[in-house]
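Biologist: I should like to understand this structure step by step. May I put some questions to you while we look at it together?

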Amino acid sequence: MSLELVLITGMSGSGKSVALRALEDAGYFCVDNLPPELLLSFVELEVKHAAHRVAIAMDVRSAVSLPLVPAQLRQLMTRGIAVRPLFLDATTDTLVRRFSETRRRHPLSKAGVEDGVDQHRALVDAIELERELLADLREHAHVIDTSVLRGAQLQDYVKSLLSAPHAQLTLVFESFAFKRGIPVDADYIFDVRMLPNPHYVPELRDLTGLDEPVAAYLREHEEVDQMYEHIAAFLDHWLEPLARNHRSYVTVAIGCTGGQHRSVYLVEKLAEEFEERWTTLKRHRELGKR
């Protein structure tokens, strides 16, 4: 059995420690904040020890040497190492709130900030600089938006992602509410707010797209079927080229106003359609808060 290496990177405050704990619980040997200069020698050592599953977290504290990582990952893959890079992200507003709540300093914040300096502006600037420094790593990883995820939800999602076969494309369908923000991890976003809304039917308001009465209501409307067919046709056309381009994950986000009815129904229907041809996962972002 070859070595599987999960590399966790991402924004400070996005939940990397939570994700690493999930992998530790799943049986991975985990190392936090490994300097990039040690990556190749560390993996070589683990191969000699016949390790099977290793997870490493890196962050912007190693900013000077982070540009080495993409080439290192390509080198490891040529050696037969199954590399699975994950990048945890969140909106700037979310990260600002998290740092404010915990009173932690951002690793790129200037020590001893002068009196009179706008602390909020300084934190936002540090976060935006971090985005620039990590942009290349983000480009080559599967992105997980943790903006509205609780710790337990993030742990469950990481475990479900890594349970999918590595050698083929994994298709992630995600429902969400536009009023809570667009997922930053989405590769494709479809807006279905123009479809008939079960929220305005009193007996359906407290149900979700997982419930048969809501599904039956939506099946009665031709435009819902048309939307489903258009999204399915788009994916049918483009998933094969994406797989040939060595994409490991593709996240398709379906959004409606509240993320309870229309988007949930379409995610369920699309996942059922595509699971026979692709490894398929489902996420209902807002239902986890009910």
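Biologist: Is G258 buried, partly exposed or exposed?

Modeller: Please note that this is a predicted model. G258 lies in the loop between β8 and α9. The relative accessibility of G258 is 22%. A residue counts as buried under 20% and as exposed over 50%, so G258 is partly exposed.

Biologist: How far apart in space are G258 and F178, C-alpha to C-alpha?

Modeller: In its surroundings, G258 touches A177, K179 and E286, leaving out residues up to four places away in sequence. F178 is 80 residues from G258 in sequence. In space, C-alpha to C-alpha, the distance between G258 and F178 is 6.9 Å.

Biologist: Which strands lie at the edges of the open sheet of 4 strands?

Modeller: The order of the strands in this open sheet is β7-β8-β6-β9, and their pairing is parallel. An edge strand pairs on one side only, and this holds for β7 (188-191) and β9 (279-284). The twist from one strand to the next averages 20°. The edge strands are therefore β7 and β9.

Biologist: Which residue in β8 is the bridge partner of D191?

Modeller: β7 pairs with strand β8, residues 249-256, in the parallel sense over 4 bridges. D191 takes part in a bridge to β8, and its partner there is G255.

Biologist: Which strands does helix α8 touch where it packs on the sheet?

Modeller: Helix α8 covers residues 222-244 and packs on the sheet. The direction of α8 makes about 170° with that of β7. The strands that α8 touches are β6, β7 and β8.

Biologist: Why is α4 described as oblique to α5?

Modeller: The axes of helix α4 (residues 92-102) and helix α5 (residues 119-139) come within 10 Å and cross at roughly 125°. Angles of 65 to 115 degrees count as roughly perpendicular and those over 145 as roughly antiparallel. The crossing angle belongs to neither class, nor is it under 35 degrees, so α4 is oblique to α5.

Biologist: How many nonpolar residues are in the contact of α4 with α5?

Modeller: From α4, the residues T92, L95, V96 and F99 take part; they meet H120, L123, V124, I127, E128 and R131 in α5. By class, this contact has 2 polar and 2 charged residues, and its nonpolar residues number 6.

Biologist: Which residues of α4 are buried?

Modeller: A residue is called buried when its relative accessible area is under 20%. The cover over such residues of α4 includes α5. The buried residues of α4 are T92, T94, L95, V96, R98 and F99.

Biologist: What is the phi of R103, just after α4?

Modeller: Most residues other than glycine have a negative phi. R103 is not a glycine, yet its phi is positive. R103 lies in the loop between α4 and α5 and is exposed, with a relative accessible area of 76%. The phi of R103 is about 60°.

Biologist: Is A50 buried or exposed?

Modeller: A50 lies in the loop between α2 (39-48) and β3 (53-57). A50 is a residue other than glycine with a positive phi, near 60°. Its relative accessibility is 51%, and the class begins over 50%, so A50 counts as exposed.

Biologist: Is E4, in strand β1, buried or exposed?

Modeller: E4 is in strand β1, residues 4-10. Beyond its neighbours within four places in sequence, E4 is in contact with several residues, including Y28, H52, R84 and L162. The relative accessible area of E4 is 12%, so E4 is buried.

How values were computed. Residues are numbered from 1 along each chain as its sequence is written. This is a predicted model: local features need pLDDT of at least 70, side-chain atom pairs count only at pLDDT 80 or more; totals for chains, interfaces and linings use all residues. Side-chain values use heavy atoms; hydrogens and water are left out. Two strands pair if DSSP finds at least two bridges between them. Helices (H or I, at least four residues) and strands (E, at least two) are DSSP runs, numbered from the N terminus. Axes are lines fitted to C-alpha atoms, for helices over the stretch in contact, and angles run from 0 to 180 degrees between N-to-C directions. Contact means heavy atoms within 4.5 Å. Ala, Val, Leu, Ile, Met, Phe, Trp, Tyr, Cys and Pro count as nonpolar, Asp, Glu, Lys and Arg as charged, and the others, Gly among them, as polar. Buried means under 20% relative accessible area, exposed over 50%, partly exposed in between (1.4 Å probe, protein chains only).
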